[in-house]
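Here is a short set of exercises to work through at your own pace. Keep the sequence and the 3D view open side by side, and try each task before reading its solution.

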Amino acid sequence: MKLGSTDPYTSCPVYETGSFSLRLVRMDDAADLLRCYSDPESVPLFNSDNCLYGFRMNTLEEMESCIEAWLAEFRERGFIRFSIVEQTSERAIGTIEFFTRKLGQGEEQAEAGILRLDLASEYEQADVLSEMLELVEQRFPEHFTFGGLLTKAVPQAVHRVAVLQRLGYNKLERSRELPYGDYYIKRMP
């Protein structure tokens with residue numbers, strides 16, 4: 001895996017926007033994140049493609065077990081799961097998972113950033129989604145090398161789809177390489 005100038009798996013970065021901080025998920029986020037991952041309005045919007053289990057958590061123990069698995073993936077350099085912390089309340093209101101993978105074939109093959117963005121339903125709004133996506137586009141290249149961003153937005157995630165389209169993402173068709181639906185990609189300069 002090719003990384004940017006600083007290896008995020010050695011020293012996980014912290015990112016800030018006007019309203020939120022992104023930092024490596026930690027066990028003391030479990031109670032806050034359970035609100036997100038048990039939210040019946042949020043769960044259908046999550047991307048659980050290629051995961052062994054869904055992302056609906058009903059107990060604190062389930063959420064803690066999930067966080068444990070995310071931290072194990074970080075230690076194994078599989079992906080980084082960031083908690084999205086609202087600065088005013090200091091509560092974790094969702095997570096971002098990020099990793100890079102080679103997509104395409106032959107000369108068309110390129111490194112893509114794979115983004116999962118899970119938010120509690122009250123934050124699934126255009127301004128929050130824009131703030132998160134713009135942060136990823138602007139700051140993640142400092143730590144990851146990728147030529148495009150790939151993320152999922154199911155049709156019922158109307159705010160998310162609208163923001164992706166406004167920011168220049170294009171919907172991809174299913175293929176042998178990408179057997180899942182509802183993905184959008186943005187080529188990075």
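**Exercise 1. In which loop is Arg-77 found?** Then describe its backbone and exposure.

*Solution.* Before starting, note that this is a predicted model, where local features need pLDDT of at least 70, side-chain atom pairs count only at pLDDT 80 or more, and totals for chains, interfaces and linings use all residues. Residues are numbered from 1 along each chain as its sequence is written, and side-chain values use heavy atoms, with hydrogens and water left out.

Step 1: Arg-77 is found in the loop between α2 (60-75) and β3. Helices (H or I, at least four residues) and strands (E, at least two) are DSSP runs, numbered from the N terminus.

Step 2: look at the backbone. Most residues other than glycine have a negative phi. Arg-77 has a positive phi, near 65°.

Step 3: check exposure, where buried means under 20% relative accessible area, exposed over 50%, and partly exposed in between (1.4 Å probe, protein chains only). With a relative accessible area of 37%, Arg-77 is partly exposed.

**Exercise 2. What pattern of helices and strands does the protein follow along the sequence, and what is the strand order in the open sheet?**

*Solution.* Step 1: count the elements; the protein has four helices and eight strands.

Step 2: read along the sequence, and the pattern is β-β-α-α-β-β-β-α-β-α-β-β.

Step 3: lay out the sheet. The eight strands of this open sheet are ordered β1-β2-β3-β4-β5-β6-β8-β7, and the pairing is mixed. Two strands pair if DSSP finds at least two bridges between them.

Step 4: find the edges. β1 (15-16) and β7 (170-171) each have a single partner strand, so one side of each is left without a neighbour in the sheet.

**Exercise 3. Trace the pairing of β4 on both sides, and say which helix packs on the sheet there.**

*Solution.* Step 1: start with β3 (residues 80-86) and β4 (residues 92-103), which run antiparallel and are joined by six bridges. Within this pairing, Ser-83 stands opposite Thr-95, while Val-85 has Ala-92 as its bridge partner.

Step 2: follow the hairpin of β3 and β4, which has five residues between the strands. Glu-90 is in that loop. Its phi is positive, near 60°. Glu-90 is also exposed, at a relative accessible area of 65%.

Step 3: move to the other pairing, where β4 and β5 are antiparallel over ten bridges. Here Gly-94 has Leu-119 in β5 as its bridge partner.

Step 4: ask how enclosed the strand is. Nine of the twelve residues of β4 are buried, so the rest of the structure largely encloses it.

Step 5: add the helix, with contact meaning heavy atoms within 4.5 Å. Helix α1 (residues 30-37) packs on the sheet and touches β3, β4 and β5 (110-119), its direction making about 75° with that of β4. Axes are lines fitted to C-alpha atoms, for helices over the stretch in contact, and angles run from 0 to 180 degrees between N-to-C directions.

**Exercise 4. What does Tyr-169 touch?** Start from its place in the chain.

*Solution.* Step 1: Tyr-169 is found in the loop between α4 (158-166) and β7, and counts as buried at 3% relative accessibility.

Step 2: list its contacts. Not counting residues up to four places away in sequence, Tyr-169 touches Leu-133, Glu-137, Leu-149, Thr-151, Leu-164, Tyr-184, Ile-185 and Lys-186.

Step 3: take one of these, Tyr-184: the two are 15 residues apart in sequence, yet 5.7 Å apart in space, C-alpha to C-alpha.

Step 4: look at β8 (residues 183-187), where four of the five residues are buried, so it is largely enclosed by the rest of the structure. In β8, Ile-185 is the bridge partner of Leu-150 and also stands opposite Asn-170.

**Exercise 5. Which ring does the charged end of Arg-81 sit over?**

*Solution.* Step 1: the criterion is NZ of Lys or CZ of Arg within 6 Å of the ring centre and within 35 degrees of the ring normal.

Step 2: the charged end of Arg-81 sits over the ring of Trp-70, 4.2 Å from its centre.
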